[in-house]
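Reader: I've got a two-chain complex open and I'd like to learn how to read it feature by feature. Can you walk me through it?

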Amino acid sequence: MKIGIVTDSTADMPAEFYRQHDVRMVPLVVRFGDDVYKDWIDLEPDGFYKRMKASDILPKTSQPSVGDFTKTYEELIAEGCGQIISIHISSKLSGTIQSAQAACRIIQGAQVRLIDSELTAVILGRIVEELAKARDQGVSFDDLVHMAERYRNSGRILFVVDTLKYLELGGRIGKAQALLGSLLSVKPILHLERGLVAPRAKVKGAKRAKRELVSLVKEEIKARRDKSEVKVMIAYTDNPEIVDELKALMEEAAIDLEDLRVGQIGSVIGTYVGPGTYAIGLI
Amino acid sequence: MKRELTASDIKNMVIGATDALRAACDEINALNVFPVPDGDTGTNMLMTMQSVVEELQGGGDDIKAYATAIKDGSLRGARGNSGVILSQILRGFSDVLLESETIDARAVERALNRGSRVAYEAVMKPVEGTMLTVIKDMARAARKAARKSEDITAIMAVVVGEGEQSVERTPDLLDVLKDAGVVDAGGKGLAVMAEGALAALKGEAVEAKTVSAAGAPEVFEDQEIDLTYLYCTEFLLKSGTLDIERFKKSIRSYGDSMLVVGGEGTYRTHIHTNEPGKVLALATKQGELSQIKINNMREQSEERAAKLVARSDARQRDEAISGKKATKEIAVVAVAAGEGIKQILRSLGVAAIVNGGQTMNPSAADIAEKIESARAGRVIVLPNNKNIILTAEQASSLTKKDVSVVPTRSIPEAFAALLAYDPEKAVKENREAMAKALKTVKTGEITRASRDSKARVGEIKKGDVIGILNHEIVVRGKQVFTAGEKLIKAMLDEDSEVLTIITGDGLKPDQILKFGEKLKKDYPDLEVDIHDGGQPLYPLIVGVE
């Protein structure tokens, strides 16, 4: 019996990724006024950030509809999938999983396991990649589910935003709310904790922020029992030059970059973090 | 032959010591090697003693009551390093008074030696050539003299003589004194106090040996010790045109224990009077008042005791209501001057702010009060001035809360420490993270020399703009912003990334703007942040990270 894997566009992977790994992606929607775009499908990140910086109005996002999910699940069932893993952006950041839940109640003919990753962005994409590889190697459905849950628990994404205003205006600021009042111009280093944005550290100065981010990543790796299994990824928004800088800093910190992946933060997540953001994730 | 000290003797000696300190205050302040307008030793010791005198007049009438008053008054009123060390000397001294049946020559000698020992133990790294040496020498002389005589007056005379000689020797023990050509200010304060105490014991009036910068010397009459004057009235007077002698004369007739200290347009006034209204009316004619405090001294001591009981009751109530919540949380208390700085500190999570005042000189009790007011059982204190670190540690002994002092010496250090502060983490982790963070910033300050002085950059005249880095004068000039540029240049190195400038009271916005623009042009790779701190006396405070 085939096992289907479904995720959403916030996994921040380009189209070939899904083709290559035989994974289905359900897109969220980004709206600039009256213009509507499917995340990663109609609008790629570079175009999005250009538009965002040039526009007076802030973009808005919407979760996929129930119909988007039922269509995807039914297509997989038609292809012979009797079991489906559907892993998505944190339920605290988006209503995507609710749409998926409703779809699950409608469709028949397959066992669907919904997983709230409590994460998002490239790290979600990386988890999906590992799941797909394992599935292709014949790992059982139950073991795949356990694997997904383990990655959910161990996955971390730490990021630096240029300004907190996008998180605030978008209503996703979570516990980082506490940083808002600071009258000092501080660069906050944030992370996702139990599905919510939370502050991790505060530093002054852009250079320091990068160093501190890498230092925190190193701390995360140190805390792992199996350090050799750790997989790291870098994500950028409209600042590709940051990738080499972060790579250099991580090499200095003796972080193993053998399995490094580099990705871009898409328009949905980009709406909430804003241009200038960069992140390092690990599972 | 004076074989025994009575309660009355002790009270007179304390007042005599305080009066002598008052008369010599300016002279002692002038001995401070560093010409900055905060941490004046004479003023600190005097204000510490002032608290003792107030405490004495508020309580009972026997030796035990006086000894307790001396101990508590000095611990609470201690200001600045010299005030704190003095309060430790007095603590040891009073403990012996409390332990002894009669205060005979041996008890006096023991009291001095205990005071010396307690003071040394209180300081982490005792330095010879400071007031510690002087009290040690005086105590030793007392021990020798007490072996040969039972006459307290004679022993005190020996102590006074040794005190003067010990003070004269301090430049030989401490290079910085020798280079500046002065004796140690704190030591001189102790010697002066001993002299005043002896004079009071003998029933003599204190001779004012000093010629203060303001003009004629003070003459103090022996005071009758009772509550003739009920209201302890204190305020800061801001006046550009004050004729200090005339002002003193105008209010003197309204009471006693009068004290007017300060300069450069700001004067701290203190008087015990039955007509506080009249005194304030006269003062408001001279300028603007602030930090006005009027206390009924008879009620004060009763109130204090009642307050402590009420506070602990309230805390117990709070704890009962919110379970363990009140005692588990942490709060940060910081010392600061300047409205802008206070706002920034609050925005960084500081729960309560101790007003540093004009000269960053809060007493241990001032700090303890804010610690108590913070709604948490564990408090981290940021002194933000090297002169307040000891005072903050003393404050922790005045409260039952768990207090940790993170030794910040400046506002930029406070900012760095607060960025590392995480109220969700444990106190120990915070303390370590904050102590580590404050080391990442260099602080420089621009101020005006409060007196003439010598520095490596040249002769400093009173009023010169000076730039201070690592407790050294590295820049001298006539203009705040040009001196600021020089100071910044001296502070920057190739690793510097962020320049934080906190502007003080009285700078013009367009000048600040121009200054900022020039800095951004001169240092395009540097992140330049300018904040309006509003602090007095230091037009520019600079942090480099």
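Author: Let's start with strand pairing: two strands count as paired if DSSP finds at least two bridges between them. Keep in mind throughout that this is a predicted model.

Reader: Fine. How many bridges join strand S8 of chain A to S13(A), and do the two run parallel or antiparallel?

Author: Strand S8 (residues 156–160) of chain A is joined to S13(A) by 5 bridges, and the two run antiparallel. To see the register, look at A:Ile157, which stands opposite A:Gly281 in S13(A). S13(A) also pairs with strand S11 (residues 232–236) of chain A, again over 5 bridges and in the antiparallel sense. There, A:Tyr236 has A:Tyr278 as its bridge partner.

Reader: Which way do the residues of S13(A) point, and are they buried or exposed?

Author: For burial, the cut-off is under 20% relative accessible area. In strand S13 (residues 278–282) of chain A, 5 of 5 residues are buried. A:Tyr278, A:Ile280 and A:Leu282 point one way, A:Ala279 and A:Gly281 the other way.

Reader: On to salt bridges. How many does the rule count over all chains?

Author: The count comes to 50 over all chains. A good habit is to ask what each one connects. Take A:Lys2 and A:Glu79, whose side chains meet at 3.9 Å, N to O. A:Lys2 is in strand S1 (residues 2–8) of chain A and A:Glu79 in the loop between helix H3 (66–78) and strand S6 (81–88), so this pair ties together parts 77 residues apart in sequence. A:Lys2 is partly exposed at 38% relative accessible area, and A:Glu79 is partly exposed as well, at 39%.

Reader: Which residue forms a salt bridge with A:Arg113?

Author: That's A:Glu149, with the closest N and O atoms 3.3 Å apart. The pair links helix H6 (residues 141–154) of chain A, home of A:Glu149, to strand S7 (residues 111–116), home of A:Arg113, and the two residues are 36 apart.

Reader: What about a pair inside a single helix, like A:Glu129 and A:Lys133?

Author: Those two side chains form a salt bridge at 3.3 Å, N to O. They are 4 residues apart in helix H5 (residues 122–136) of chain A, so about one helical turn separates them. A:Glu129 is buried, at 6% relative accessible area, while A:Lys133 is partly exposed at 33%. Both belong to a network of salt bridges that also links A:Arg126, A:Glu130, A:Asp259 and A:Arg261.

Reader: Now the interface. How much area do chain B and chain A bury between them?

Author: The size of an interface is often given as the accessible area lost when the parts come together. Here chain B and chain A bury about 1,400 Å², 50% of it on carbon and sulfur atoms. B:Ser347, B:Leu419 and B:Glu497 supply 42% of the area that chain B buries against chain A, more than any other three residues. In terms of contacts, 17 residues of chain B touch 14 residues of chain A.

Reader: How many salt bridges and polar contacts cross it?

Author: The rule finds 3 salt bridges across the interface, one of them between B:Asp529 and A:Lys204 at 3.0 Å, N to O. It also finds 5 residue pairs in polar contact.

Reader: Within chain B, is B:Glu109 buried or exposed?

Author: Buried, because its relative accessibility is 1%. B:Glu109 lies in helix H5 (residues 105–122) of chain B, and a polar contact of 2.5 Å joins its side chain to that of B:Arg106. Beyond its neighbours up to four places away in sequence, B:Glu109 touches B:Ala142, B:Arg143 and B:Ala146.

Reader: Last one: where in chain B does pLDDT stay under 50?

Author: Where pLDDT is low, the predicted coordinates should not be read in detail. One such stretch is residues 208–226 of chain B, for which the model has 24 contacts beyond four places in sequence. Residues 318–327 of chain B are also below 50, and that stretch has 9 contacts beyond near neighbours in sequence. For chain B as a whole, the mean pLDDT is 86, and 89% of residues reach 70 or more. The predictor gives the complex an ipTM of 0.79 and a pTM of 0.73.

Methods: Residues numbered from 1 in each chain as written. Chains lettered and ligands numbered in written order. Predicted model: local features only at pLDDT ≥ 70, side-chain atom pairs only at ≥ 80, totals over all residues. Heavy atoms only, no water. pLDDT = per-residue confidence, 0-100. Contact = heavy atoms within 4.5 Å. Buried < 20%, exposed > 50% of the residue type's maximum accessible area, 1.4 Å probe, protein only. Buried area = accessible area lost by both parts, 1.4 Å probe. Salt bridge = Lys/Arg side-chain N within 4 Å of Asp/Glu carboxyl O. Polar contact = N/O pair within 3.5 Å; in protein donor to acceptor, adjacent residues only side chain to side chain.
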